[in-house]
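Q: Could you walk me through this protein before I set anything up?

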Amino acid sequence: MQKLENYECSHVSEKPSAGSETEEVLVIGHCLLNPLARVKGVKPVQPIDTRGANVIQLPCPEAMFFGMKRREITKDQLDHPAYRRFCREIFTHFADLLEDLAVGGIKIKILGVLKSPSCGVEITSVGGEPGKVKEFHHKHAPGPGVFMEEIIKELEKRNVKFEIEDSGK
């Protein structure tokens, strides 16, 4: 086994003592921390400064379902029972954790990925002609992507209070 010598751990300053502020956890779309998960050729998202924050990084459902060599896709194309079921399945353990944190008084804040067909919160991508096409056409529309819809439904079903918005608006 090769020893990792080039990695250093930096000291993270501690948060103020509990009780003075409500503690918060930031739940973020995968590519907000890992731009390599985005579709090749898509404009990178605005980086998020997570220093000092409690962070939970969601998985990338599109990369997991379609792989890294996937093509651009829209919400219309993802809105299928198999993909929705997959999104619910990969979020279940996160929902358990968030429910437990919320019961303990932790504020839940979810940051989605603007215009994403899966992880958009306020704006998503729609359209995309079926069949063989020379150019991919889509537009942006108000509303959440498929993964965020499933996350919202699951947390509401569990009565977990949360804030949710797109990052980098």
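A: What follows goes from the overall make-up to one strand, one pair of helices and one residue, and all of it refers to a predicted model.

Q: OK, how many helices and strands does the protein have?
A: There are four helices and six strands, and read from the N terminus the elements come in the order β-β-α-α-α-β-β-β-α-β.

Q: And how much of the protein is buried?
A: Of the 169 residues in the protein, 38% are buried.

Q: What share of the contacts is between residues 24 or more positions apart?
A: If one takes the contacts in the protein with a separation of 6 or more, 71% of them are accounted for by residues 24 or more positions apart.

Q: Let's turn to strand β3. Why is it described as largely enclosed by the rest of the structure?
A: Strand β3 covers residues 107–113, and five of its seven residues are buried, so the strand is largely enclosed by the rest of the structure.

Q: Which strands is β3 joined to by bridges?
A: Strand β1, residues 24–28, is joined to β3 by five bridges, and these two run parallel; five bridges also join β3 to strand β6, residues 163–167, again in a parallel arrangement.

Q: Which residues stand opposite each other there?
A: For the pairing with β1, Glu 24 is opposite Lys 107 of β3, while for the pairing with β6, Val 113 is opposite Ser 167.

Q: Switching to helices: at what angle do α3 and α4 pack?
A: Helix α3 (residues 81–103) and helix α4 (residues 146–157) pack at about 45 degrees, and their axes lie 9 Å apart. That angle is why α3 counts as oblique to α4, and the crossing of the two helices is right-handed.

Q: Which residues meet in that contact?
A: From α3 the contact includes Tyr 83, Ile 90, Phe 91 and Leu 98, and from α4 it includes Val 146, Phe 147, Ile 151 and Leu 155. Sorted by character, the residues of the contact of α3 with α4 comprise ten nonpolar, no polar and six charged.

Q: One of the charged ones, then: Glu 150. Is Glu 150 buried or exposed, and which helix is its place in?
A: Glu 150 belongs to helix α4, and because its relative accessibility is 5%, where the cut-off for buried is under 20%, Glu 150 counts as buried.

Q: What does Glu 150 touch?
A: Leaving aside residues up to four places away in sequence, Glu 150 touches Arg 84, Cys 87 and Arg 88, and these three are among the α3 residues that meet α4.

Note on methods. Residues are numbered from 1 along each chain as its sequence is written. This is a predicted model: local features need pLDDT of at least 70, side-chain atom pairs count only at pLDDT 80 or more; totals for chains, interfaces and linings use all residues. Side-chain values use heavy atoms; hydrogens and water are left out. Buried means under 20% relative accessible area, exposed over 50%, partly exposed in between (1.4 Å probe, protein chains only). Two strands pair if DSSP finds at least two bridges between them. Axes are lines fitted to C-alpha atoms, for helices over the stretch in contact, and angles run from 0 to 180 degrees between N-to-C directions. Angles under 35 degrees count as roughly parallel, over 145 as roughly antiparallel, 65 to 115 as roughly perpendicular and the rest as oblique. A crossing is left-handed if the near helix is turned anticlockwise from the far one by less than a right angle, and right-handed if clockwise. Contact means heavy atoms within 4.5 Å. Ala, Val, Leu, Ile, Met, Phe, Trp, Tyr, Cys and Pro count as nonpolar, Asp, Glu, Lys and Arg as charged, and the others, Gly among them, as polar.
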